[in-house]
Amino acid sequence: MFPTKAQRITEYDASLYSLQRAADRRGYAIDDDDLWKEMNQMVTDYQFGKVRHSPQFRNKFYALRRTLGKRMGY
């Protein structure tokens, strides 16, 4: 069974929250990071129907997450 839009948004929100907690533990100013802003904007755009979910959307989100994690030292 495929996840619903609400389930996907919950998954992305959980991922963002996890990243934010990791940044807090490291003392990293994540709110000032352009990748962080882009990731949040992606989820917001999906939530409000400005973009559709696709494999490319998912891949880009998690690629940004990996890159941001590396910036923070993970």
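**Helix packing in a predicted three-helix chain**

Trainee: How many helices and strands does the chain have?

Mentor: This is a predicted model, in which local features need pLDDT of at least 70, side-chain atom pairs count only at pLDDT 80 or more, and totals for chains, interfaces and linings use all residues. Residues are numbered from 1 along each chain as its sequence is written, and side-chain values use heavy atoms, with hydrogens and water left out. With helices taken as DSSP runs of H or I of at least four residues and strands as E runs of at least two, numbered from the N terminus, the elements run α-α-α from the N terminus on, and the count is three helices and zero strands.

Trainee: Are α1 and α3 roughly parallel or roughly antiparallel?

Mentor: The axes, lines fitted to C-alpha atoms over the stretch in contact, give angles from 0 to 180 degrees between N-to-C directions. Those of α1 (residues 5-26) and α3 (residues 55-72) come within 11 Å and cross at roughly 10 degrees. Angles under 35 degrees count as roughly parallel and over 145 as roughly antiparallel, with 65 to 115 roughly perpendicular and the rest oblique, so α1 is, relative to α3, roughly parallel.

Trainee: How many residues of the contact of α1 with α3 are nonpolar?

Mentor: Contact means heavy atoms within 4.5 Å, and the residues making it include Leu16 and Leu19 of α1 and Phe57 and Phe61 of α3. Ala, Val, Leu, Ile, Met, Phe, Trp, Tyr, Cys and Pro count as nonpolar, Asp, Glu, Lys and Arg as charged, and the others, Gly among them, as polar. Beside two polar and four charged residues, the number of nonpolar ones is 10.
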